[in-house]
Amino acid sequence: MEKLIVPIEKNEYYDVTFEDLTHDGAGVAKVEGFPIFVPNGLIDEKAKIKITKVKKGYAFGRLVELYEESPFRVDAPCPIYKQCGGCQLQHLSYEGQLVAKQKQVQEVLTRIGHLKDIPVHPVLGMDNPWRYRNKAQVPVADREGALVAGFYQQRSHEIIDMEACLIQQEKNDEVVQKVKAVCEKYGVRAYDEKKHKGTIRHIMARYGVVTGEIMVVLITRTSELPYKNEIIKEITTLIPDVKSVVQNINPKRTNVIFGDETNVLWGEEYIYDSIGDIKFAISARSFYQVNPEQTKVLYDKALEYAGLTGEESVIDAYCGIGTISLFLAQKAKKVFGVEIVPEAIEDAKRNAELNGIENAEFAVGEAEVVIPQWKKEGNTADVIVVDPPRKGCDDALLQTIIEMKPKRVVYVSCNPATLARDLRVLEDGGFKTVEVQPVDMFPHTTHCEAVARIELKNE
Ligand code: SAH
(Lines give C-alpha, C1' and ligand atoms only; values in the text may rest on other atoms or scores of the structure.)
Protein backbone atom coordinates (compact mmCIF):
# COMPACT_ATOMS: atom_id res chain seq x y z
CA MET A 1 0.00 0.00 0.00
CA GLU A 2 1.21 3.44 -0.83
CA LYS A 3 2.20 5.42 2.22
CA LEU A 4 0.35 8.72 2.63
CA ILE A 5 2.90 11.49 2.61
CA VAL A 6 2.23 14.31 5.04
CA PRO A 7 3.86 17.33 3.41
CA ILE A 8 3.94 19.51 6.55
CA GLU A 9 5.41 19.43 10.03
CA LYS A 10 4.25 20.60 13.42
CA ASN A 11 5.59 24.00 14.55
CA GLU A 12 6.73 24.84 11.01
CA TYR A 13 5.62 27.97 9.14
CA TYR A 14 3.99 27.98 5.70
CA ASP A 15 2.72 30.62 3.30
CA VAL A 16 -0.79 29.72 2.16
CA THR A 17 -3.94 31.02 0.48
CA PHE A 18 -7.28 30.15 2.06
CA GLU A 19 -9.65 28.40 -0.32
CA ASP A 20 -12.65 27.59 1.78
CA LEU A 21 -14.42 27.88 5.14
CA THR A 22 -15.22 24.95 7.41
CA HIS A 23 -18.58 24.45 9.09
CA ASP A 24 -17.23 26.07 12.24
CA GLY A 25 -15.89 29.08 10.39
CA ALA A 26 -12.17 28.24 10.14
CA GLY A 27 -10.26 28.96 6.95
CA VAL A 28 -9.10 25.98 4.87
CA ALA A 29 -5.68 26.15 3.21
CA LYS A 30 -3.83 23.41 1.36
CA VAL A 31 -0.16 22.52 1.16
CA GLU A 32 0.39 20.06 -1.68
CA GLY A 33 -3.29 19.13 -1.44
CA PHE A 34 -3.08 18.48 2.34
CA PRO A 35 -5.85 20.45 4.15
CA ILE A 36 -5.04 22.70 7.10
CA PHE A 37 -7.74 24.33 9.22
CA VAL A 38 -6.88 27.78 10.53
CA PRO A 39 -9.25 29.78 12.74
CA ASN A 40 -9.87 33.33 11.50
CA GLY A 41 -8.67 32.73 7.92
CA LEU A 42 -10.99 33.96 5.17
CA ILE A 43 -11.37 32.77 1.58
CA ASP A 44 -8.76 34.28 -0.82
CA GLU A 45 -6.59 35.64 1.99
CA LYS A 46 -2.84 35.05 1.77
CA ALA A 47 -1.15 34.40 5.10
CA LYS A 48 1.73 32.97 7.04
CA ILE A 49 0.54 30.15 9.31
CA LYS A 50 2.14 27.96 11.97
CA ILE A 51 1.12 24.29 12.21
CA THR A 52 -0.21 23.47 15.68
CA LYS A 53 -1.42 19.89 15.27
CA VAL A 54 -0.99 17.23 12.57
CA LYS A 55 -3.51 14.40 12.10
CA LYS A 56 -3.61 11.60 9.51
CA GLY A 57 -5.42 13.41 6.72
CA TYR A 58 -5.45 17.02 7.89
CA ALA A 59 -3.82 19.53 10.23
CA PHE A 60 -4.61 22.59 12.32
CA GLY A 61 -2.75 25.86 12.21
CA ARG A 62 -2.62 29.33 13.67
CA LEU A 63 -2.71 32.57 11.72
CA VAL A 64 0.64 34.34 12.19
CA GLU A 65 0.54 37.13 9.61
CA LEU A 66 -1.96 38.26 7.01
CA TYR A 67 -0.23 39.26 3.75
CA GLU A 68 -3.43 39.99 1.84
CA GLU A 69 -6.79 40.65 3.47
CA SER A 70 -10.13 39.62 2.05
CA PRO A 71 -12.20 42.62 0.88
CA PHE A 72 -14.95 41.08 3.01
CA ARG A 73 -12.93 41.19 6.26
CA VAL A 74 -14.41 43.49 8.93
CA ASP A 75 -13.84 44.17 12.63
CA ALA A 76 -16.31 42.07 14.59
CA PRO A 77 -18.77 44.56 16.13
CA CYS A 78 -19.31 42.46 19.26
CA PRO A 79 -16.77 43.13 22.04
CA ILE A 80 -17.02 39.55 23.36
CA TYR A 81 -16.95 37.83 19.95
CA LYS A 82 -13.68 35.96 20.53
CA GLN A 83 -14.44 34.70 24.03
CA CYS A 84 -18.02 33.66 23.37
CA GLY A 85 -18.04 31.44 20.31
CA GLY A 86 -21.80 31.76 19.83
CA CYS A 87 -21.12 33.51 16.49
CA GLN A 88 -18.33 32.34 14.17
CA LEU A 89 -18.51 34.76 11.24
CA GLN A 90 -18.56 38.28 12.63
CA HIS A 91 -15.12 38.94 11.11
CA LEU A 92 -16.70 38.40 7.68
CA SER A 93 -18.98 41.17 6.34
CA TYR A 94 -22.64 40.17 6.03
CA GLU A 95 -22.36 40.34 2.25
CA GLY A 96 -19.35 38.02 2.47
CA GLN A 97 -21.25 35.61 4.73
CA LEU A 98 -24.06 35.32 2.18
CA VAL A 99 -21.59 34.65 -0.64
CA ALA A 100 -19.83 32.00 1.48
CA LYS A 101 -23.08 30.24 2.39
CA GLN A 102 -24.23 30.09 -1.23
CA LYS A 103 -20.86 28.68 -2.23
CA GLN A 104 -21.04 26.09 0.54
CA VAL A 105 -24.42 24.80 -0.67
CA GLN A 106 -23.28 24.70 -4.30
CA GLU A 107 -20.09 22.91 -3.34
CA VAL A 108 -21.71 20.10 -1.32
CA LEU A 109 -24.35 19.48 -3.98
CA THR A 110 -21.52 18.75 -6.40
CA ARG A 111 -19.10 17.00 -4.06
CA ILE A 112 -21.48 14.93 -1.91
CA GLY A 113 -24.61 14.76 -4.09
CA HIS A 114 -22.80 14.50 -7.46
CA LEU A 115 -25.52 16.83 -8.71
CA LYS A 116 -24.47 19.12 -11.51
CA ASP A 117 -25.95 22.30 -12.92
CA ILE A 118 -28.55 22.78 -10.21
CA PRO A 119 -29.29 26.45 -9.76
CA VAL A 120 -28.45 27.54 -6.22
CA HIS A 121 -29.90 31.02 -5.85
CA PRO A 122 -28.17 33.82 -3.94
CA VAL A 123 -28.90 33.46 -0.22
CA LEU A 124 -31.96 35.36 1.01
CA GLY A 125 -30.48 37.38 3.86
CA MET A 126 -31.82 39.91 6.33
CA ASP A 127 -31.94 43.67 5.71
CA ASN A 128 -30.81 44.14 9.29
CA PRO A 129 -28.96 40.99 10.34
CA TRP A 130 -28.65 41.90 14.05
CA ARG A 131 -30.85 41.48 17.11
CA TYR A 132 -32.90 38.71 15.51
CA ARG A 133 -33.12 35.93 18.16
CA ASN A 134 -36.41 35.73 20.03
CA LYS A 135 -35.17 33.40 22.77
CA ALA A 136 -32.32 33.78 25.28
CA GLN A 137 -31.16 30.99 27.58
CA VAL A 138 -28.51 32.35 29.87
CA PRO A 139 -26.52 30.42 32.49
CA VAL A 140 -26.09 32.05 35.91
CA ALA A 141 -23.17 31.86 38.37
CA ASP A 142 -22.10 33.40 41.68
CA ARG A 143 -19.07 35.67 41.52
CA GLU A 144 -17.85 37.25 44.76
CA GLY A 145 -21.31 37.56 46.20
CA ALA A 146 -22.88 38.91 43.01
CA LEU A 147 -24.69 37.09 40.20
CA VAL A 148 -23.26 36.90 36.71
CA ALA A 149 -25.37 35.83 33.75
CA GLY A 150 -23.94 35.39 30.31
CA PHE A 151 -22.26 32.65 28.36
CA TYR A 152 -19.76 29.86 28.83
CA GLN A 153 -16.35 30.99 27.68
CA GLN A 154 -15.27 28.86 24.71
CA ARG A 155 -14.01 25.42 25.71
CA SER A 156 -14.56 26.10 29.42
CA HIS A 157 -17.20 26.11 32.13
CA GLU A 158 -16.43 29.64 33.18
CA ILE A 159 -19.46 31.91 32.86
CA ILE A 160 -18.69 35.37 31.54
CA ASP A 161 -21.12 38.16 32.40
CA MET A 162 -22.86 39.65 29.39
CA GLU A 163 -24.92 42.80 29.10
CA ALA A 164 -25.71 42.62 25.44
CA CYS A 165 -25.74 39.96 22.77
CA LEU A 166 -25.84 41.57 19.35
CA ILE A 167 -27.87 38.79 17.73
CA GLN A 168 -30.42 38.77 20.55
CA GLN A 169 -33.60 40.86 20.62
CA GLU A 170 -32.79 43.88 22.82
CA LYS A 171 -35.91 43.11 24.83
CA ASN A 172 -34.42 39.74 25.85
CA ASP A 173 -31.15 41.33 27.00
CA GLU A 174 -33.16 43.78 29.07
CA VAL A 175 -35.30 41.02 30.60
CA VAL A 176 -32.26 38.91 31.54
CA GLN A 177 -30.56 41.92 33.21
CA LYS A 178 -33.68 42.79 35.19
CA VAL A 179 -34.37 39.22 36.31
CA LYS A 180 -30.74 38.85 37.35
CA ALA A 181 -30.92 42.05 39.41
CA VAL A 182 -34.15 40.96 41.11
CA CYS A 183 -32.70 37.55 42.00
CA GLU A 184 -29.60 39.23 43.36
CA LYS A 185 -31.64 41.67 45.44
CA TYR A 186 -33.45 38.78 47.16
CA GLY A 187 -30.27 36.81 47.73
CA VAL A 188 -31.03 33.94 45.35
CA ARG A 189 -27.81 31.97 44.98
CA ALA A 190 -26.70 30.66 41.62
CA TYR A 191 -26.32 26.97 40.97
CA ASP A 192 -22.78 25.74 41.54
CA GLU A 193 -22.20 22.78 39.25
CA LYS A 194 -19.17 21.51 41.18
CA LYS A 195 -20.87 21.43 44.59
CA HIS A 196 -24.35 20.81 43.14
CA LYS A 197 -25.68 23.54 45.43
CA GLY A 198 -27.48 26.85 44.94
CA THR A 199 -30.77 27.64 43.25
CA ILE A 200 -30.89 29.45 39.93
CA ARG A 201 -29.31 27.67 36.95
CA HIS A 202 -30.55 29.54 33.89
CA ILE A 203 -32.70 32.54 33.03
CA MET A 204 -34.71 32.17 29.86
CA ALA A 205 -36.50 34.97 28.06
CA ARG A 206 -38.88 34.52 25.13
CA TYR A 207 -40.22 37.39 23.13
CA GLY A 208 -43.12 37.38 20.69
CA VAL A 209 -41.72 39.76 18.12
CA VAL A 210 -45.11 40.49 16.53
CA THR A 211 -47.24 40.56 19.69
CA GLY A 212 -44.65 42.07 22.05
CA GLU A 213 -45.49 39.44 24.68
CA ILE A 214 -42.74 38.26 27.03
CA MET A 215 -42.21 35.02 28.93
CA VAL A 216 -39.68 34.65 31.73
CA VAL A 217 -38.54 31.17 32.75
CA LEU A 218 -36.49 30.62 35.90
CA ILE A 219 -34.71 27.29 35.74
CA THR A 220 -33.88 26.24 39.27
CA ARG A 221 -32.29 23.26 41.00
CA THR A 222 -34.88 23.15 43.77
CA SER A 223 -38.61 23.71 43.70
CA GLU A 224 -38.37 26.23 46.51
CA LEU A 225 -37.32 29.68 45.53
CA PRO A 226 -36.67 32.14 48.39
CA TYR A 227 -38.89 35.25 48.31
CA LYS A 228 -40.87 33.76 45.43
CA ASN A 229 -43.81 36.19 45.74
CA GLU A 230 -41.59 39.26 46.04
CA ILE A 231 -39.53 38.15 43.05
CA ILE A 232 -42.65 37.62 40.93
CA LYS A 233 -44.04 40.98 41.97
CA GLU A 234 -40.84 42.82 41.05
CA ILE A 235 -40.43 41.02 37.75
CA THR A 236 -43.99 41.81 36.70
CA THR A 237 -43.61 45.45 37.78
CA LEU A 238 -40.22 46.00 36.14
CA ILE A 239 -41.20 44.25 32.89
CA PRO A 240 -44.66 45.54 31.98
CA ASP A 241 -45.08 43.36 28.84
CA VAL A 242 -44.48 40.12 30.70
CA LYS A 243 -47.41 37.76 30.21
CA SER A 244 -46.00 34.63 31.77
CA VAL A 245 -43.55 33.79 34.56
CA VAL A 246 -42.64 30.11 34.70
CA GLN A 247 -40.39 27.97 36.88
CA ASN A 248 -38.73 24.87 35.53
CA ILE A 249 -37.08 22.57 38.04
CA ASN A 250 -33.94 20.69 37.11
CA PRO A 251 -32.52 18.85 40.15
CA LYS A 252 -29.99 16.81 38.14
CA ARG A 253 -26.24 17.06 37.80
CA THR A 254 -26.28 17.68 34.07
CA ASN A 255 -25.55 20.30 31.48
CA VAL A 256 -28.99 19.75 29.94
CA ILE A 257 -30.82 23.01 30.63
CA PHE A 258 -34.37 21.90 31.40
CA GLY A 259 -35.75 19.50 33.98
CA ASP A 260 -39.02 17.60 33.68
CA GLU A 261 -41.20 19.76 35.95
CA THR A 262 -42.57 23.10 34.75
CA ASN A 263 -44.92 25.29 36.83
CA VAL A 264 -46.55 28.57 35.93
CA LEU A 265 -45.76 31.03 38.74
CA TRP A 266 -47.73 33.96 37.38
CA GLY A 267 -49.91 34.77 34.35
CA GLU A 268 -50.41 32.52 31.36
CA GLU A 269 -48.91 29.19 30.38
CA TYR A 270 -48.37 30.53 26.84
CA ILE A 271 -47.31 33.63 25.04
CA TYR A 272 -48.46 34.23 21.46
CA ASP A 273 -46.65 35.16 18.30
CA SER A 274 -47.47 35.10 14.59
CA ILE A 275 -45.65 34.22 11.43
CA GLY A 276 -47.53 35.63 8.45
CA ASP A 277 -51.24 35.00 9.02
CA ILE A 278 -50.73 32.11 11.45
CA LYS A 279 -50.79 32.59 15.20
CA PHE A 280 -48.83 30.35 17.56
CA ALA A 281 -49.12 29.60 21.27
CA ILE A 282 -45.63 29.08 22.69
CA SER A 283 -45.04 27.45 26.06
CA ALA A 284 -41.76 27.34 28.01
CA ARG A 285 -40.80 24.03 26.44
CA SER A 286 -42.24 24.45 22.93
CA PHE A 287 -39.90 24.42 19.99
CA TYR A 288 -40.33 27.67 18.05
CA GLN A 289 -38.09 29.04 15.33
CA VAL A 290 -35.65 31.58 16.82
CA ASN A 291 -35.62 33.97 13.86
CA PRO A 292 -39.28 34.58 13.02
CA GLU A 293 -38.61 37.19 10.32
CA GLN A 294 -36.55 34.75 8.26
CA THR A 295 -38.86 31.85 9.11
CA LYS A 296 -41.54 33.67 7.14
CA VAL A 297 -39.14 33.97 4.18
CA LEU A 298 -38.28 30.26 4.44
CA TYR A 299 -41.88 29.08 4.70
CA ASP A 300 -43.02 31.34 1.86
CA LYS A 301 -40.38 29.70 -0.30
CA ALA A 302 -41.46 26.21 0.83
CA LEU A 303 -45.05 27.13 0.01
CA GLU A 304 -44.05 28.44 -3.43
CA TYR A 305 -42.08 25.26 -4.18
CA ALA A 306 -45.03 23.11 -3.04
CA GLY A 307 -47.02 24.64 -5.93
CA LEU A 308 -50.40 24.15 -4.25
CA THR A 309 -53.72 24.84 -5.97
CA GLY A 310 -56.09 23.81 -3.19
CA GLU A 311 -56.63 20.28 -4.50
CA GLU A 312 -53.56 18.58 -3.08
CA SER A 313 -53.10 16.23 -0.24
CA VAL A 314 -49.80 17.05 1.47
CA ILE A 315 -47.58 15.26 3.99
CA ASP A 316 -45.38 17.41 6.26
CA ALA A 317 -42.75 15.11 7.74
CA TYR A 318 -40.80 16.28 10.83
CA CYS A 319 -43.53 18.88 11.41
CA GLY A 320 -42.57 20.08 14.92
CA ILE A 321 -45.40 22.25 16.30
CA GLY A 322 -46.99 22.30 12.84
CA THR A 323 -45.55 25.59 11.66
CA ILE A 324 -45.05 24.56 8.02
CA SER A 325 -48.17 22.34 8.06
CA LEU A 326 -50.42 25.27 9.01
CA PHE A 327 -48.83 27.47 6.35
CA LEU A 328 -49.48 24.76 3.75
CA ALA A 329 -53.01 24.04 4.99
CA GLN A 330 -54.15 27.49 3.85
CA LYS A 331 -53.49 26.44 0.22
CA ALA A 332 -53.97 22.64 0.28
CA LYS A 333 -56.95 20.30 0.45
CA LYS A 334 -55.51 18.37 3.36
CA VAL A 335 -52.24 18.29 5.31
CA PHE A 336 -50.92 15.39 7.40
CA GLY A 337 -48.12 16.29 9.81
CA VAL A 338 -45.82 13.74 11.49
CA GLU A 339 -43.47 14.42 14.38
CA ILE A 340 -41.67 12.30 16.97
CA VAL A 341 -42.17 14.54 20.04
CA PRO A 342 -45.68 14.08 21.53
CA GLU A 343 -45.76 17.55 23.18
CA ALA A 344 -44.98 19.18 19.83
CA ILE A 345 -47.96 17.40 18.27
CA GLU A 346 -50.18 18.65 21.11
CA ASP A 347 -48.95 22.17 20.30
CA ALA A 348 -49.58 21.57 16.59
CA LYS A 349 -53.19 20.54 17.25
CA ARG A 350 -53.75 23.51 19.53
CA ASN A 351 -52.25 25.86 16.94
CA ALA A 352 -54.52 24.44 14.23
CA GLU A 353 -57.53 25.11 16.45
CA LEU A 354 -56.29 28.57 17.39
CA ASN A 355 -56.25 29.47 13.69
CA GLY A 356 -59.51 27.73 12.81
CA ILE A 357 -57.66 25.37 10.49
CA GLU A 358 -59.66 22.16 10.03
CA ASN A 359 -57.84 20.48 7.18
CA ALA A 360 -54.65 19.58 9.09
CA GLU A 361 -54.17 16.32 10.99
CA PHE A 362 -51.20 15.40 13.12
CA ALA A 363 -49.67 12.09 14.15
CA VAL A 364 -46.97 11.24 16.69
CA GLY A 365 -44.23 8.90 15.53
CA GLU A 366 -41.11 8.46 13.47
CA ALA A 367 -41.63 9.75 9.94
CA GLU A 368 -39.85 6.66 8.58
CA VAL A 369 -42.37 4.39 10.36
CA VAL A 370 -45.62 6.35 10.16
CA ILE A 371 -45.43 7.33 6.47
CA PRO A 372 -44.67 3.77 5.20
CA GLN A 373 -47.66 2.66 7.31
CA TRP A 374 -49.87 5.26 5.66
CA LYS A 375 -48.70 4.01 2.27
CA LYS A 376 -49.54 0.42 3.23
CA GLU A 377 -53.02 1.55 4.15
CA GLY A 378 -53.38 2.95 0.64
CA ASN A 379 -52.90 6.62 1.50
CA THR A 380 -50.79 8.75 -0.75
CA ALA A 381 -49.79 12.39 -1.20
CA ASP A 382 -49.43 14.81 -4.09
CA VAL A 383 -46.75 16.81 -2.32
CA ILE A 384 -44.38 15.75 0.47
CA VAL A 385 -42.53 18.33 2.56
CA VAL A 386 -39.64 17.24 4.77
CA ASP A 387 -37.79 19.35 7.34
CA PRO A 388 -35.51 16.87 9.12
CA PRO A 389 -32.93 17.52 11.87
CA ARG A 390 -29.24 17.83 10.93
CA LYS A 391 -28.75 14.13 10.25
CA GLY A 392 -31.20 14.33 7.33
CA CYS A 393 -33.95 11.91 6.28
CA ASP A 394 -33.96 8.27 7.23
CA ASP A 395 -33.40 6.05 4.19
CA ALA A 396 -36.68 4.18 4.84
CA LEU A 397 -38.51 7.50 4.46
CA LEU A 398 -36.70 8.35 1.21
CA GLN A 399 -37.55 4.91 -0.20
CA THR A 400 -41.21 5.39 0.73
CA ILE A 401 -41.23 8.80 -0.97
CA ILE A 402 -39.75 7.17 -4.09
CA GLU A 403 -42.47 4.49 -4.05
CA MET A 404 -45.27 6.96 -3.32
CA LYS A 405 -44.29 9.08 -6.34
CA PRO A 406 -45.66 12.46 -5.20
CA LYS A 407 -45.61 15.12 -7.95
CA ARG A 408 -43.35 17.29 -5.88
CA VAL A 409 -41.09 17.09 -2.84
CA VAL A 410 -40.01 20.17 -0.90
CA TYR A 411 -36.92 19.59 1.21
CA VAL A 412 -36.24 22.14 3.96
CA SER A 413 -32.74 21.52 5.31
CA CYS A 414 -30.57 22.85 8.12
CA ASN A 415 -27.54 20.88 6.92
CA PRO A 416 -26.42 21.18 3.28
CA ALA A 417 -24.31 18.00 3.51
CA THR A 418 -27.22 15.69 4.36
CA LEU A 419 -29.44 17.62 1.92
CA ALA A 420 -26.97 16.79 -0.86
CA ARG A 421 -26.80 13.13 0.18
CA ASP A 422 -30.61 12.78 0.27
CA LEU A 423 -31.13 14.64 -3.03
CA ARG A 424 -28.83 12.07 -4.66
CA VAL A 425 -31.08 9.24 -3.36
CA LEU A 426 -34.20 10.97 -4.69
CA GLU A 427 -32.46 11.66 -8.03
CA ASP A 428 -31.61 7.96 -8.39
CA GLY A 429 -35.21 7.13 -7.46
CA GLY A 430 -36.79 9.10 -10.31
CA PHE A 431 -36.88 12.68 -9.04
CA LYS A 432 -35.15 15.80 -10.30
CA THR A 433 -33.88 18.65 -8.13
CA VAL A 434 -35.01 21.78 -9.97
CA GLU A 435 -33.55 24.53 -7.79
CA VAL A 436 -32.23 25.27 -4.32
CA GLN A 437 -32.83 28.45 -2.32
CA PRO A 438 -30.63 29.06 0.74
CA VAL A 439 -32.18 31.30 3.41
CA ASP A 440 -30.06 32.89 6.14
CA MET A 441 -31.81 32.03 9.39
CA PHE A 442 -28.76 32.57 11.62
CA PRO A 443 -26.66 35.56 10.52
CA HIS A 444 -23.06 35.65 11.87
CA THR A 445 -23.08 31.93 12.58
CA THR A 446 -22.05 29.18 10.18
CA HIS A 447 -25.54 27.62 10.16
CA CYS A 448 -27.00 27.41 6.70
CA GLU A 449 -30.63 26.66 5.84
CA ALA A 450 -31.88 25.82 2.35
CA VAL A 451 -35.07 24.77 0.56
CA ALA A 452 -35.00 22.48 -2.48
CA ARG A 453 -37.70 22.10 -5.15
CA ILE A 454 -37.81 18.51 -6.35
CA GLU A 455 -40.10 17.14 -9.06
CA LEU A 456 -41.05 13.68 -10.24
CA LYS A 457 -39.43 13.03 -13.63
CA ASN A 458 -41.81 12.12 -16.43
CA GLU A 459 -41.57 8.41 -17.01
N1 SAH B 1 -40.85 21.81 10.63
C2 SAH B 1 -40.70 22.28 11.98
C3 SAH B 1 -39.63 21.55 12.80
C4 SAH B 1 -38.35 21.19 12.12
S5 SAH B 1 -37.09 20.66 13.22
C6 SAH B 1 -40.49 23.77 11.99
O7 SAH B 1 -40.13 24.37 10.98
O8 SAH B 1 -40.69 24.39 13.03
C9 SAH B 1 -37.09 18.91 12.99
C10 SAH B 1 -38.16 18.18 13.78
O11 SAH B 1 -38.05 16.79 13.50
C12 SAH B 1 -38.04 18.30 15.29
O13 SAH B 1 -39.27 18.78 15.78
C14 SAH B 1 -37.77 16.86 15.78
O15 SAH B 1 -38.40 16.57 17.01
C16 SAH B 1 -38.37 16.05 14.67
N17 SAH B 1 -37.86 14.67 14.46
C18 SAH B 1 -36.61 14.21 14.65
N19 SAH B 1 -36.50 12.94 14.22
C20 SAH B 1 -37.72 12.58 13.75
C21 SAH B 1 -38.24 11.38 13.16
N22 SAH B 1 -37.47 10.32 12.98
N23 SAH B 1 -39.52 11.38 12.77
C24 SAH B 1 -40.31 12.48 12.93
N25 SAH B 1 -39.87 13.63 13.49
C26 SAH B 1 -38.59 13.68 13.89
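Contact here means that heavy atoms lie within 4.5 Å. The exercises below concern a predicted model.

**Exercise 1. Describe the place of Asn415 in the chain, decide whether Asn415 is buried or exposed, and name its contacts beyond its sequence neighbours.**

Step 1. Along the chain, Asn415 sits in the loop that runs between strand S19 (408–413) and helix H10 (416–428).

Step 2. The relative accessibility of Asn415 is 11%, and a residue counts as buried when its relative accessible area is under 20%, so Asn415 is buried.

Step 3. Once neighbours within four places in sequence are left aside, Asn415 is in contact with Arg390 and Cys448.

**Exercise 2. Work out which residues and helices surround the ligand, and which polar atoms lie at the stated distances from the ligand.**

Step 1. The shell around the ligand holds 17 residues, and the closest are Tyr299, Thr323, Glu339, Ala367 and Asp387.

Step 2. Sorted by class, this shell has nine nonpolar, four polar and four charged residues.

Step 3. At least two residues of the shell come from helix H6 (323–329), and at least two come from helix H8 (367–376).

Step 4. In the side chain of Tyr299, an N or O atom is 2.5 Å from an oxygen atom of the ligand. A backbone N or O atom of Ala367 is 2.9 Å from a nitrogen atom of the ligand, while a polar backbone atom of Ile340 is 3.3 Å from a nitrogen atom of the ligand.

Step 5. On its own the ligand has 570 Å² of accessible area, and the protein covers 85% of it.

**Exercise 3. Classify the ring pair of Phe37 and Phe60, and then the ring pair of Phe280 and Tyr288.**

Step 1. A pair of aromatic rings is described by the distance of the centres and the angle of the planes. In this model the count comes to seven aromatic pairs.

Step 2. For Phe37 and Phe60, the ring centres are 5.9 Å apart and the planes stand at 55°. Planes under 30 degrees apart would count as stacked and those over 60 as edge-to-face, so this pair is tilted.

Step 3. Phe37 belongs to strand S3 (residues 34–38) and Phe60 to strand S5 (residues 59–68), so their pair ties together parts that are 23 residues apart in sequence.

Step 4. Phe37 is partly exposed, with a relative accessible area of 22%, and Phe60 is also partly exposed, with 31%.

Step 5. For Phe280 and Tyr288, the centres are 5.8 Å apart and the planes stand at 55°, so this pair is tilted. Both Phe280 and Tyr288 are buried.

Step 6. Finally, ring pairs link Phe37, Tyr58 and Phe60 into a cluster.

How values were computed:
Residues numbered from 1 in each chain as written. Predicted model: local features only at pLDDT ≥ 70, side-chain atom pairs only at ≥ 80, totals over all residues. Heavy atoms only, no water. Near = heavy atom within 4 Å. Polar contact = N/O pair within 3.5 Å; in protein donor to acceptor, adjacent residues only side chain to side chain. Areas by Shrake-Rupley, 256 points an atom, 1.4 Å probe, with all protein chains shown as cover. Helix = DSSP H or I, 4+ residues; strand = E, 2+ residues; numbered from the N terminus. Nonpolar A, V, L, I, M, F, W, Y, C, P; charged D, E, K, R; others polar. Buried < 20%, exposed > 50% of the residue type's maximum accessible area, 1.4 Å probe, protein only. Phe/Tyr/Trp six-rings, centres within 6.5 Å; stacked < 30°, edge-to-face > 60°.
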